[in-house]
Amino acid sequence: MKIICSQGQLKNSLSLVSRVVPSRPTHPILGNVLIVADKRKNEVTVTGFDLTVGIRSSFPAGVEEGGVITLPAKLLNEVVSRLPEEEIVITYEEKEEEENPVVGIHCLSGRFQLRGMKGDEYPDLPVVEGNGFSLPGEVLKEGLKGCLFAASSDETKQILTGVHMKGEGDTIEFAATDGHRLAVVREKLVEEEGEGEEEGIYGGEKSLEFDITIPARLLRELERILSGIKEEERVELYVAETEVVFRLKEVLLTGRKLEGLYPEYNRLIPHSFEKTMVVERRRIIDSLERLEVFSDQKNSLVRFKLNPPKRELTVIMEAGEIGGGKESMTAEISGEEFEIGFNIKYLLEGLKAFSSHEVKFHFNGPVQPVVVTPLDGRSMIYLIMPVQI
């Protein structure tokens, strides 16, 4: 195998796929990345896979001799990331009797050698032959931003460690909950101008039709991949019986769906309220971040004191021997004066997921679920359970 490629492209691919390579692999080869050089396409493909989540990234390169090899992900990533931004050459000679061939990495300033493993035993990424949909990347990015943070980290509640995605007609709904809060985002897809009636807007389908729960870990990788996406770029989604695949240009992300029924979260959302409050989102976030310095594992309670006649919200944090603080701000409040408590971390995470200038709080009392919605922008609901004062 002989590859001539740019340091930047190889570094970017390695940093992307290495994220899913386990630090303590169950089999030595899973601690490696698979490198495939295709002479016919003049293309190099780099793959990382832990048997649950896999990422494959491809880039153009000069392939003088094709071949397949696996190399230690961490070591290779560290070597390549430290090389100067110039052309590099990767070579190795395949010998049948050699199980761990030496791979050479050459650049103008030096030569390096890494001991690899043959790629024969590297597991294949799952092949998905299910339904395919073409989705706007921006819709996926905004949907994940609005709910991914609310997924549970408790592995005993496995179904809650994922995000539920439901495609129906021309709308995608994203939902995540950990039992203490619930985030729901609804994104409506708009048909692109110039697309024909026969072709449709979702990969040949006239309407979306899927109902899946995807592990948050997989979707965090998707969120990172989407971070640099252009507004017009699209992502292909493939859904099979047990697997799900996202494809964006030269990157493929695959993983297992979560089994089981996701809770009927829409039943948890109240539809009538006794009190409401409209407040500037950035102003309340800034206040909470200043008061958060007084929180710790034992104390995370922040209190809201609503005063409708004064059009004033007072945010209070008390931390016993450490100290505490309070801040007041203008708010449009309907209903009677009252106090309510929240977990400050949960409240901040929810407010940061919104993008609107103002948010509206909906209350039914100090121990009833509170719903927060944006006054403009995308359709998002954040339900948070209060903490008893």
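**Exercise 1. A leucine in a loop**

Is L51 buried, partly exposed or exposed, going by its relative accessibility? Work out the class, then describe the backbone at this residue.

*Solution.* A word before we start: the model is a predicted one.
- Step 1: Recall the cut-offs, with buried meaning under 20% and exposed over 50%.
- Step 2: The relative accessibility of L51 is 43%, so L51 counts as partly exposed.
- Step 3: Now find L51 in the fold; it sits in the loop between β3 and β4.
- Step 4: Look at the backbone angle: phi of L51 is positive, near 80°, in a residue other than glycine.

**Exercise 2. Another positive phi**

Find the loop that holds N42, and give its accessibility class.

*Solution.*
- Step 1: N42 belongs to the loop between β2 (32-38) and β3 (43-49).
- Step 2: N42 is not a glycine, yet its phi is positive, at about 50°.
- Step 3: With 37% relative accessibility, N42 counts as partly exposed.

**Exercise 3. A valine in a strand**

Which residues does V103 touch, leaving out those up to four places away in sequence? Settle its burial too.

*Solution.*
- Step 1: V103 is part of strand β8, which covers residues 102-107.
- Step 2: The relative accessible area of V103 is 0%, so V103 is buried.
- Step 3: Its partners, not counting residues up to four places away, are I69, L71, I90, T91, Y92, F112, Q113 and L114.
- Step 4: For a sense of distance, V103 and T276 lie 65 Å apart, C-alpha to C-alpha, with their positions 173 residues apart in sequence.

**Exercise 4. Inside the core**

How many residues does the largest nonpolar core have, and which have the most contacts inside it?

*Solution.*
- Step 1: In soluble globular proteins, nonpolar side chains tend to be buried together.
- Step 2: Here the largest nonpolar core has 115 residues, and F246, M277, L288, F304 and F361 have the most contacts inside it.
- Step 3: Zoom in on F361. Leaving aside neighbours within four places in sequence, its contacts include M277, I284, F304, L347 and V370.
- Step 4: Apart from the largest core lies another, of 9 residues, including L30, L34, Y122 and V128.

**Exercise 5. Two pockets**

Describe the largest pocket and the second largest pocket by volume and lining.

*Solution.*
- Step 1: The largest pocket holds about 440 Å³ of space, and the second largest about 310 Å³.
- Step 2: Of the 16 residues lining the largest pocket, L16, S57, K249, E250 and V251 lie nearest its centre. Helix α1 (7-17) and strand β4 (53-60) each supply at least two lining residues.
- Step 3: Sorted by class, that lining has 7 nonpolar, 6 polar and 3 charged residues.
- Step 4: The lining of the second largest pocket has 4 nonpolar, 5 polar and 6 charged residues. Helix α4 (residues 216-226) gives the most to this lining, with 3 residues.

**Exercise 6. The whole chain**

Where does pLDDT stay under 50? Set your answer beside the overall picture.

*Solution.*
- Step 1: The protein's mean pLDDT is 91, and 95% of its residues reach 70 or more.
- Step 2: The stretch under 50 is residues 193-205, for which the model has 24 contacts beyond four places in sequence.
- Step 3: The secondary structure comes to 6 helices and 26 strands.
- Step 4: Of the 389 residues, 51% are buried.
- Step 5: Along its principal axes, the C-alpha trace spans about 80 × 60 × 35 Å.

How values were computed
Residues are numbered from 1 along each chain as its sequence is written. Side-chain values use heavy atoms; hydrogens and water are left out. pLDDT is the predictor's confidence in each residue, from 0 to 100. Contact means heavy atoms within 4.5 Å. A nonpolar core is a set of buried Ala, Val, Leu, Ile, Met, Phe, Trp, Tyr and Cys residues joined through side-chain atoms within 4.5 Å. Buried means under 20% relative accessible area, exposed over 50%, partly exposed in between (1.4 Å probe, protein chains only). On a 1 Å grid over the protein atoms alone, a cavity is a set of points where a 1.4 Å probe fits but cannot get out, and a pocket is an open set with protein on both sides within 12 Å along at least five of seven lines; lining residues have an atom within 4 Å of a point. Grid points are joined across faces, edges and corners, and a volume is the space filled by probe spheres set on the points. Helices (H or I, at least four residues) and strands (E, at least two) are DSSP runs, numbered from the N terminus. Ala, Val, Leu, Ile, Met, Phe, Trp, Tyr, Cys and Pro count as nonpolar, Asp, Glu, Lys and Arg as charged, and the others, Gly among them, as polar.
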